[in-house]
Amino acid sequence: MAVHGYTANKDDVLKRLRRIEGQVRGLQRLVEEDTYCIDVLTQVSATTKALQSFALTMMDDHLQSCVADAIAQGGDQAQEKIAEASQAIARMVRS
């Protein structure tokens, strides 16, 4: 079984994701209840920020574990992990 950067904190990671899931369900409820659109948008912004924060935490874990381990081992795998991380960062910045 592969060990990933978040493995040691998996329970915390899952707790954060459940909290974000609750925020999304809250958005659905707001729409079902015909809540004022600005209030819905405020919650969309909060949910987006929570996902962005989660993504940054995951990237940090990835860099400190997977990428750092690959660099320590050297070779082609190191360059592949660096390129992979760069592509993921680019996707995050564009979104």
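**Exercise 1. Find which residue forms a salt bridge with Lys81, and place the pair in the fold.**

*Step 1.* Lys81 pairs with Glu84 in a salt bridge, and their closest N and O atoms are 3.8 Å apart. The rule asks for a side-chain nitrogen of Lys or Arg within 4 Å of a carboxyl oxygen of Asp or Glu.

*Step 2.* Before going on, a word on the source: this is a predicted model, in which local features need pLDDT of at least 70 and side-chain atom pairs count only at pLDDT 80 or more, while totals for chains, interfaces and linings use all residues. Residues are numbered from 1 along each chain as its sequence is written, and side-chain values use heavy atoms, with hydrogens and water left out.

*Step 3.* Both Lys81 and Glu84 belong to helix H3, three residues apart, or about one turn of the helix. Helices here are DSSP runs (H or I, at least four residues), numbered from the N terminus.

*Step 4.* Lys81 has a relative accessible area of 22%, so it is partly exposed. Glu84, at 39%, also counts as partly exposed. The scale is: buried under 20%, exposed over 50%, partly exposed in between (1.4 Å probe, protein chains only).

**Exercise 2. Work out how many salt bridges the rule gives, and describe the pair that involves Glu21.**

*Step 1.* The count comes to two salt bridges.

*Step 2.* Glu21 meets Arg25, with 3.2 Å from N to O. Side chains of opposite charge can pair when their charged atoms come close.

*Step 3.* Glu21 and Arg25 are about one helical turn apart because they sit four residues apart in helix H1 (residues 10–32).

*Step 4.* Glu21 is partly exposed at 44% relative accessibility, and Arg25 is partly exposed at 45%.

**Exercise 3. Describe the largest pocket: its volume, its lining and the helices behind that lining.**

*Step 1.* The volume is about 180 Å³. On a 1 Å grid over the protein atoms alone, a pocket is an open set of points where a 1.4 Å probe fits, with protein on both sides within 12 Å along at least five of seven lines. Points are joined across faces, edges and corners, and the volume is the space filled by probe spheres set on them.

*Step 2.* The lining (residues with an atom within 4 Å of a point) includes His4, Tyr6, Met58, Asp61, Cys66 and Lys81.

*Step 3.* Helix H2 (37–73) and helix H3 (76–94) are the elements that give two or more residues to this lining. H2 gives the most, with six residues.

*Step 4.* Sorted by class, the lining has six nonpolar, three polar and two charged residues. Here Ala, Val, Leu, Ile, Met, Phe, Trp, Tyr, Cys and Pro are nonpolar, Asp, Glu, Lys and Arg are charged, and the others, Gly among them, are polar.

**Exercise 4. Decide whether Asp34 and Gln79 are buried or exposed, and say where each lies.**

*Step 1.* Asp34 is in the loop between H1 and H2. Asp34 is exposed, with a relative accessible area of 69%.

*Step 2.* Look at the backbone too: Asp34 has a positive phi of about 55 degrees, although it is not a glycine.

*Step 3.* Gln79 is in helix H3. With a relative accessible area of 54%, Gln79 is exposed.

*Step 4.* To finish, Gln79 and Leu56 are 23 residues apart in sequence, and their C-alpha atoms are 21 Å apart in space.
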